[in-house]
Amino acid sequence: MGLSAAAPLWGAPGLLLTIALHLALSLRPAQAWAPVHRDYCVLGAGPAGLQMAYFLQRAGRDYMVFERAPGPGSFFMRYPRHRKLISINKRYTGKTNAEFNLRHDWNSLLSHDPRLLFRHYSDAYYPDASDMVRYLSDFAERLGLHVLYNTTIAHVTLNKDRGAWNGHYFILTDHRGQAYQCSVLLVATGLSVPNQVDFPGSEYADGYESVSVDPKDFVGQNVLILGRGNSAFETAENIFSVTNFIHMLSRSRVRLSWATHYVGDLRAINNGLLDTYQLKSLDGLLESDLTDLAIVKDHQGKFHITLKLFMEAGNQSSDAIPLPQDDNDNFAMRVAYDRVIRCLGWKFDFSIFSKSLRLSSGSELSKKYPLVRASYESKGSRGLFILGTASHSVDYRKSAGGFIHGFRYTVRAVHRLLEQRHHGVAWPSTKHPITHLASAIIRRINEASGLYQMFSVLADVVLLKENATVFEYLEEFPMQMLAQLETITGKRARHGLFVINMEYGRNYSGPDKDVFFSDRSVGHMEDAWLSNFLHPVIYYYRHLPTEQEVRFRPVGWPLPRPWALHHVVEDFLTDWTAPVGHILPLRRFLENCLDTDLRSFYAESCFLFALTHQKLPPFCQQGYLRTQGLVGTESLRQHGVESGLLWDSAITGQRQGASEQQPGDHGPGGHPLAPGPPVSPFSSNKEEL
């Protein structure tokens with residue numbers, strides 16, 4: 001019956017129907033099927049995307065990186081336009097410690113492969129951008145990272161689903177219509193949209209992204225550059241030797257990186273035009289709000305600067321538009337310009353993200369960067385994280401989070417958070433006896449790169465355990481998330497904690513500061529709290545601060561007021577190993593907080609402490625009382641005799657004859673006589689504890 005029922009399908013009409021169904025199914029668009037699922041989706045194969053891919057790969061997670069270009073690092077294929085990076089490639093430090101050397105290597109990503117250090121890709125202190133492209137390509141290939149190239153994600157939205165851990169999945173649709181479903185979305189697309197200011201005549205400006213980089217195209221010209229950042233000065237540096245003059249216009253004054261200690265401000269490699277301005281060589285800098293201005297093009301193709309309020313509605317010739325010099329013959333920009341170049345920086349591309357993701361709140365800063373928490377998770381969608389340059393809103397104009405040498409560490413922090421949240425893998429830590437606390441802190445402040453580069457953002461945390469006899473050391477935790485430490489790390493802070501941070505002096509940095517003032521350095525440990533340059537600061541809390549305390553911390557403080565605070569005095573060599581100037585004050589601070597003595601002792605001293613103190617130093621508790629390493633000395637034997645705990649060997653020698661007494665015989669005092677000197681309950685080895 002089954003066969004006869006199926007027979008018509010194999011007749012002439014049935015065969016056609018079968019072929020039609022086969023073709024329909026085979027030609028059915030991919031998006032009609034269920035989307036491809038990945039636990040983790042990473043948007044962008046730039047430095048931040050590849051760094052996250054590395055950590056996911058090492059952890060064995062299900063992930064995919066999506067990149068629109070045919071290779072990684074597409075931003076560096078075109079930018080900076082003049083090809084010289086401002087991230088330093090310091091190949092020599094005089095040190096062999098790899099972690100310390102990363103402090104001064106601003107281009108390498110973190111990996112276990114020593115071949116993947118940028119020092120092997122360029123000898124230049126300021127490398128060429130093409131070297132970065134080559135480095136990122138090798139990084140992805142050698143580590144076998146899962147990157148889907150030539151795939152442009154055109155749209156990202158949410159799909160509500162009660163089965164998801166956060167109540168939704170992220171749906172990514174590429175340019176071919178293929179959909180991908182992700183439990184966690186990690187956006188590492190950087191800043192790619194040029195900033196533009198809309199004012200009358202702004203269309204006449206050439207953009208940094210497209211203007212010629214050939215100096216010959218500017219010979220003998222008057223040039224106006226809009227902007228005052230590194231891209232503007234980089235452009236000026238390329239052409240100021242062949243132009244008649246260059247005027248630079250911006251609403252804010254120049255921010256020099258050596259004054260602000262912020263790597264994103266104007267770097268010395270690009271600021272040659274400052275010399276020509278201050279030495280009166282025709283070039284100049286002006287301050288004005290661009291939105292108040294307008295550009296007028298005359299019939300000769302020259303550009304004139306006027307005020308927006310002078311522009312009248314309607315079509316009229318440029319000759320009829322009033323110019324400021326008509327009323328003020330000393331107007332600074334009364335000269336005509338041959339070229340106007342816009343160099344106003346970049347902002348995040350929000351266009352592909354659905355409004356349901358709520359990435360931006362509309363504030364001034366969030367027009368440039370997505371709105372994220374201190375954990376780099378979006379405030380609008382749980383499970384969406386912003387990585388790399390686009391995450392810089394957390395430490396904008398403060399630390400290095402917008403640059404490779406900073407965000408390689410914030411990416412690692414995000415990965416550690418994800419490991420605890422989704423896989424139950426606690427934040428990496430090490431446990432040590434409390435006697436090792438000072439040495440552990442000294443080692444980190446002298447070596448750690450993450451603390452050094454992400455100052456006031458990432459900090460080490462010491463959790464006190466077992467009535468402060470043991471401590472647990474956690475590295476590079478986001479400081480502003482301190483109240484949530486137990487949830488994020490899987491650790492418990494029940495007995496107090498220390499937070500180790502690097503800070504500049506609070507009144508030392510700023511665009512209006514003279515950071516080269518006389519007596520700017522502090523050299524005496526009693527004045528450590530006045531230190532100006534980057535130096536370690538240790539906070540002690542008896543209890544984990546609450547979210548309210550973190551939120552309403554004092555202005556300018558990275559953390560709430562602690563129970564105790566210690567500044568390690570700044571050091572010209574950034575080498576905090578001076579026994580008197582650095583180590584001794586730190587140890588005394590720790591001892592005061594813990595109400596104990598953290599010094600190391602010989603066993604004889606521990607023995608004396610046991611006889612004279614109710615509370616022994618932790619070193620003696622952990623060694624001496626466990627019969628480890630008591631040194632046998634004559635003075636120690638004498639102490640034992642005087643205390644009645646040991647026999648006097650001289651008296652024992654006088655009683656040699658008594659050794660042949662029968663068991664049960666008693667001496668004059670009625671006590672059993674020992675056959676010889678009693679055996680010491682302590683070890684007889686000669687090593688120190």
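Two residues are in contact when they have heavy atoms within 4.5 Å of each other. Keep that in mind as you open this predicted model. Among contacts between residues at least 6 apart in sequence, 66% join residues at least 24 apart.

**Stop 1: the whole protein**

Show the cartoon view to begin. The protein has 19 helices and 22 strands. Now colour by burial, if your viewer can do that: of the 689 residues, 49% count as buried.

**Stop 2: Tyr 63**

Select Tyr 63, which sits in strand S2 (residues 63–66). Is Tyr 63 buried or exposed? Its relative accessibility is 2%, and buried means under 20%, so Tyr 63 counts as buried.

Next, show what surrounds Tyr 63. Leaving aside neighbours within four places in sequence, Tyr 63 is in contact with Arg 38, Tyr 40, Ala 53, Leu 56, Gln 57, Gly 144, Leu 145 and His 146. Then add Val 184 to your selection. Tyr 63 and Val 184 are 121 residues apart in sequence, and their C-alpha atoms are 9.4 Å apart in space.

**Stop 3: helices H3 and H6**

Two packed helices are described by the angle between their axes and the distance between the axes. Try this on helix H3 (residues 47–59) and helix H6 (residues 129–142). These two helices pack at an angle of about 20°, with their axes 11 Å apart. Angles under 35 degrees count as roughly parallel, and H3 and H6 are therefore roughly parallel to each other. Their crossing is left-handed.

Which residues of H3 and H6 meet? Show side chains for Pro 47, Leu 50 and Tyr 54 in H3, and you will find them meeting Leu 136, Phe 139 and Ala 140 in H6. The residues of this contact divide into six nonpolar, no polar and no charged.

**Stop 4: the cores**

Let's move to the largest nonpolar core, which has 114 residues. Select Leu 43, Leu 172 and Leu 186, the members that touch the most other members. Helix H10 (residues 404–423) gives the most to this core, with eight residues.

Zoom in on Leu 43. Not counting residues up to four places away in sequence, the residues that Leu 43 touches include Phe 66, Ile 153, Val 156, Leu 172, Leu 186, Ile 352 and Phe 353. Apart from the largest core lies another one, of 33 residues, among them Ala 438, Ile 445, Phe 471 and Met 502.

**Stop 5: helices H11 and H15**

Here is a second helix pair: helix H11 (residues 437–447) and helix H15 (residues 579–594). They pack at an angle of about 130°, with their axes 10 Å apart. That angle makes H11 oblique to H15. The crossing of H11 and H15 is right-handed.

To see the contact, select Leu 437, Ala 438, Ile 441 and Ile 442 of H11, together with Ile 583, Leu 586, Leu 590 and Leu 594 of H15. The contact residues here divide into eight nonpolar, no polar and no charged.

**Stop 6: helix H7**

Select helix H7 (residues 230–239), a mostly covered helix. How many of its 10 residues are buried? Eight are, namely Asn 230, Ser 231, Ala 232, Phe 233, Glu 234, Thr 235, Ala 236 and Ile 239. What covers these buried residues includes strand S9 (222–226), strand S10 (245–250), helix H9 (272–278), strand S11 (284–287) and strand S14 (339–342).

**Stop 7: some backbone details**

Most residues other than glycine have a negative phi, and most peptide bonds are trans. With that in mind, visit the following places.

- Select Tyr 79 and Pro 80: the peptide bond from Tyr 79 to Pro 80 is cis, with omega near -10°. Pro 80 lies in the loop between helix H4 (74–78) and helix H5 (98–102).
- Select Ser 456, in the loop between helix H12 (449–453) and strand S18 (458–465). Phi of Ser 456 is near 65°, a positive value in a residue other than glycine. Ser 456 is partly exposed, with a relative accessible area of 27%.
- Select Glu 466, in the loop between S18 and strand S19 (470–478). Glu 466 has a positive phi of about 50°, although it is not a glycine. At 53% relative accessibility, Glu 466 counts as exposed.

How values were computed:
Residues numbered from 1 in each chain as written. Predicted model: local features only at pLDDT ≥ 70, side-chain atom pairs only at ≥ 80, totals over all residues. Heavy atoms only, no water. Axes fitted to C-alpha atoms, helices over the stretch in contact; angles between N-to-C directions. Helix = DSSP H or I, 4+ residues; strand = E, 2+ residues; numbered from the N terminus. Parallel < 35°, antiparallel > 145°, perpendicular 65-115°, else oblique. Left-handed = near helix turned anticlockwise from the far one by under 90°. Nonpolar A, V, L, I, M, F, W, Y, C, P; charged D, E, K, R; others polar. Core = buried A, V, L, I, M, F, W, Y, C linked by side-chain atoms within 4.5 Å. Buried < 20%, exposed > 50% of the residue type's maximum accessible area, 1.4 Å probe, protein only.
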